[in-house]
Amino acid sequence: MTDTPKHFPLPTHRPEVADFLATRRSNLAKMMTGPGPDASTRDALLEIAARVPDHRKLAPWRFTVFEGEARGQFGQHIASAFMTDNSDLPADRAVFEGARLTRAPLVVAIISSPVDCVRGTPVWEQELSAGAVCFNLCLAAQAHGFAAQWLTEWFAYDDRINDVLGLTERERVAGYIYIGATTAPASARTRPDLEKVINFWVK
Ligand SMILES: Cc1cc2nc3c(=O)[nH]c(=O)nc-3n(C[C@H](O)[C@H](O)[C@H](O)COP(=O)(O)O)c2cc1C
C-alpha cells in the first residue's frame, strides 16, 4: 500500500494577489507625478525586483537609479543625441527629450548584463531573467500603491546614451521603469484572443 502524499497549503496561495494580477494595468509615464517611494520603500522595491527566476544564480542584470536632479542631467544627454540627429527640428523638442526621465519621480534602468557561465546558461535565458526583473519591479511598485510603466523608447537603443550609462558590449537596456503617482487612472486595454495563442498539444 502506498502512502497518500501529504498536501501542504502553499504559502503562495493568495487570492488577492491573483486578483491583482488579473486586473493589473500599466500606468502611463506621461501621466505620472510625485510623490514617488521614499528611500526605504525604493530599496524594498529593488529587493523585490531582484527576486526573479535566474538560472544558476548569475544575477545577470544591474540597476541604475535616477532620482531628483540626476533625471534631468541624464536627460541632457538624451536631448543632445536627439538634436544631433534632428538638427532641423525646433529647439523645444530638445526640452521635451531632456525631460523624458522627469515624467516620474523615480526611474530605474534595468540593464541586462549576461555573464560567461562555464556550465552554459544561454545568454537568452539571462536576458529573459532581466525581463523578469523589469516586470517584477512594475508589480512591486504597483503592489505598494505606485504607478509604474516599463518603457524603452528610442534612447534605450542609442549607443551614445548607452555609453553614458556605462554599458559594456554585451550589455543592453532591458527597460526604463517609471515609478510614481498618477494623475489619471489606467484605461482598459484590449487583450489578446487567447484562442489564437493557446494550443493544447496533441500527438
Ligand atoms: C520591453 C518593453 C518595452 C516597452 N517600451 C515601450 C515604449 O517605449 N513605449 C510604450 O508606449 N510602451 C512600451 N512598452 C509597453 C508598456 O510598458 C506596457 O506594456 C503597455 O502600455 C501595456 O500595458 P499593460 O501592462 O497594461 O498591458 C514596452 C513594453 C515592453 C515589454
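1. Start with the ligand. In this predicted model, the residues around it are R25, S26, Q149, W150, L151, T152, E153, G175 and R189. Strand β4, residues 147–151, supplies the largest share of that shell, three residues. Sorted by character, the shell has four polar residues, three charged and two nonpolar.

2. Now for the inside of the protein. The largest nonpolar core counts 36 residues, and V107, I110, L137, I177 and Y178 have the most contacts inside it. Helices and strands both feed it: α2 (39–49), α3 (69–85) and α5 (123–143) each give two or more residues, as do β2 (61–67), β3 (106–112), β4 and β5 (172–182). Which element gives the most to this core? That would be α5, with seven residues.

3. L137 is worth a click in the viewer. Leaving out residues up to four places away in sequence, L137 touches L45, A49, V108, I110 and I177. Two of those names, I110 and I177, also turn up among the core residues with the most contacts.

4. Next, a quick check on α5 itself. With 21 residues at 1.5 Å a residue, α5 should span 30 Å, and its end C-alpha atoms are 30 Å apart, so the two agree. Just after the helix, G145 takes a positive phi of about 90°.

5. Which residues of α5 are buried? They are Q126, S129, A130, V133, C134, L137, C138, A140 and A141. If you're wondering about the spacing, remember that an α-helix has 3.6 residues a turn, so residues three or four places apart point the same way. What covers the buried residues of α5 includes the helix α2 and the strands β2, β3, β4 and β5.

6. Strand β5 deserves a point of its own. Eight of its eleven residues are buried, so to speak of it as mostly covered is fair. Its pairing with β3 runs antiparallel through seven bridges, and there I111 stands opposite V173 in β5.

7. β5 pairs with β4 too, again antiparallel, with five bridges. Here W150 has I177 of β5 as its bridge partner. That links back to both earlier topics: W150 is one of the residues around the ligand, while I177 is among the core residues with the most contacts. G175, another member of the ligand shell, falls within the 172–182 range of β5.

8. Last, the short strand pairing. β1, residues 32–33, runs antiparallel to β5 and is joined to it by two bridges. In that pair, M32 has T182 of β5 as its bridge partner.

Conventions: Residues numbered from 1 in each chain as written. Predicted model: local features only at pLDDT ≥ 70, side-chain atom pairs only at ≥ 80, totals over all residues. Near = placed C-beta within 6 Å. Helix = DSSP H or I, 4+ residues; strand = E, 2+ residues; numbered from the N terminus. Nonpolar A, V, L, I, M, F, W, Y, C, P; charged D, E, K, R; others polar. Core = buried A, V, L, I, M, F, W, Y, C linked by C-beta atoms within 7 Å. Buried ≥ 20, exposed ≤ 12 C-beta atoms within 10 Å, placed from the backbone. Contact = placed C-beta atoms within 7 Å. Expected span 1.5 Å × (residues − 1). Pairing = 2+ DSSP bridges.
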